[in-house]
Amino acid sequence: MAVEIVQTTAMPPAIQQVLDREFHVHRLWEASDRNALLKQVAPNVRGMVTSGGVGANRALIEALPRLEMISSFGVGYDSIDIDCAKERGVTVTNTPDVLTDDVADTAMALLLAMMRRIPQGDQFVRQGQWPKAKFPLTDKLGGKKMGVLGLGRIGQAIARRAEPFNVEISYFGPRRKADIPWRYYDNLVAMAKDVDILMIACPGGKETEGLVNQAVIDALGPKGYVVNIARGSVVVEPALVTALVEGKLAGAGLDVFADEPNVPEALWKLDSVTLAPHVGSATHATRQAMGDLVLKNILAFFAGQPVLTKVV
Ligand code: 8YV
């Protein structure tokens with residue numbers, strides 16, 4: 001008999017096909033009464049497929065007394081209650097590495113789009129403004145200093161991309177990394193004072209919540225830029241919005257927000273801001289690769305083999 005799993009959100013079609021073939025899938029996101037479905041299937045459910053966006057909170061994990069493993073689509077697992085999973089002995093897997101290039105590309109795209117006003121230039125041409133007016137000059141990337149908050153896999157991939165643009169790299173994180181050529185700061189405000197661009201690339205969750213606060217924003221100052229491809233929770237969003245509205249920051253390139261998909265309307269009108277709907281990993285190839293890893297992990301687990309990318 002097929003192992004019963006709950007799935008909290010849709011997966012790419014090719015991935016869904018395999019899940020449906022290999023497992024007895026209970027589709028929570030399609031249920032008209034989610035709690036009723038959960039209650040009905042809970043006694044038999046041994047696995048879960050979820051995403052970084054939807055996650056699995058304590059209530060969901062505790063509702064499934066026979067749960068053994070959670071295979072999550074996404075590298076970030078801040079939306080999964082890892083403490084609860086540990087207590088319950090539930091294995092959790094994520095999808096690192098396969099999305100690193102795309103997320104780093106998105107970070108660079110947002111940085112350039114914001115500094116060079118690429119979306120505004122596109123609108124300027126499409127709206128027939130070019131024959132009538134001159135597009136305003138913008139800011140130069142080359143020669144700027146970028147401080148990376150969180151020099152993990154993605155942070156390093158961004159730094160490696162930024163270097164050939166003649167951007168000087170430094171980083172802040174919980175510890176200095178071995179074999180890294182870039183300057184390390186153990187103080188985020190000190191780094192923010194010294195750089196032009198704060199590139200946020202750290203994990204979300206309690207440890208990084210609100211790290212980019214008023215003091216960091218003030219240290220960056222009116223010539224400073226922020227790019228966030230990590231999690232909205234890392235930034236005190238109201239402070240960031242106010243600084244942008246009041247011109248106390250030069251701009252922001254944002255792929256992630258505190259309450260997705262709701263983006264503060266104050267940002268919609270600002271020319272200094274480039275917004276994206278959390279698309280860092282959203283290419284066909286990468287979403288397929290992430291889905292493949294979700295499958296490999298859950299198939300390995302229920303075949304009694306080691307999972308590939310274990311969180312706990
Ligand atoms: C996904 C992400 O969009 O990997 C992550 O942590 O934020 C993105 O790649 C997300 O996990 C899907 O919900």
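How many residues of domain 1 are in contact with how many residues of domain 2? Eight on each side: eight residues of domain 1 touch eight residues of domain 2. Keep in mind as we go that this is a predicted model.

Let's start with the layout. The chain splits into two domains: domain 1 takes in 4-98 + 285-302, while domain 2 covers 100-275. Domain 1 is thus built from two segments of the chain, and domain 2 from one. If you place a point at the C-alpha centre of each domain, the two points are 32 Å apart.

Now turn to the surface that the two domains share. Together they bury about 600 Å², and carbon and sulfur atoms account for 37% of that area. On the side of domain 1, three residues stand out: D78, D97 and T286 provide 63% of the area that this domain buries against domain 2, more than any other three residues.

What kinds of interaction cross this interface? Three salt bridges are counted between domain 1 and domain 2. In one salt bridge, the side chain of R231 meets that of D78, with 3.0 Å from N to O. Three residue pairs are also found in polar contact across the interface. As for the residues of domain 1 that touch domain 2, three are nonpolar, two are polar and three are charged.

D78 and R231 are worth keeping in view, for they appear again in the second largest pocket. This pocket holds about 240 Å³ of space. Its lining has 14 residues, and those closest to its centre are D78, R231, F257, A258 and E260. Sorted by class, the lining comprises four nonpolar, six polar and four charged residues. Where does the second largest pocket lie with respect to domain 1 and domain 2? Both domains contribute residues to its lining, so the pocket lies between them.

Finally, look for enclosed space. Searching the whole structure turns up one cavity of 30 Å³ or more. The largest cavity contains about 50 Å³ of space. Around it you will find N228, G232, V235, E237, L240, L254, V256, F257 and A258. Six of these lining residues are nonpolar, two are polar and one is charged. F257 and A258 may look familiar: both line this cavity, and both are also among the residues closest to the centre of the second largest pocket.

Notes. Residues are numbered from 1 along each chain as its sequence is written. This is a predicted model: local features need pLDDT of at least 70, side-chain atom pairs count only at pLDDT 80 or more; totals for chains, interfaces and linings use all residues. Side-chain values use heavy atoms; hydrogens and water are left out. Domain bounds come from an automatic or database domain assignment. Contact means heavy atoms within 4.5 Å. Buried area is the accessible area (1.4 Å probe) that two parts lose on being put together, summed over both. A salt bridge is a side-chain nitrogen of Lys or Arg within 4 Å of a carboxyl oxygen of Asp or Glu. A polar contact is a pair of N or O atoms within 3.5 Å; within protein, one must be able to donate a hydrogen and the other to accept it, and residues adjacent in sequence count only if both atoms are side-chain atoms. Ala, Val, Leu, Ile, Met, Phe, Trp, Tyr, Cys and Pro count as nonpolar, Asp, Glu, Lys and Arg as charged, and the others, Gly among them, as polar. On a 1 Å grid over the protein atoms alone, a cavity is a set of points where a 1.4 Å probe fits but cannot get out, and a pocket is an open set with protein on both sides within 12 Å along at least five of seven lines; lining residues have an atom within 4 Å of a point. Grid points are joined across faces, edges and corners, and a volume is the space filled by probe spheres set on the points.
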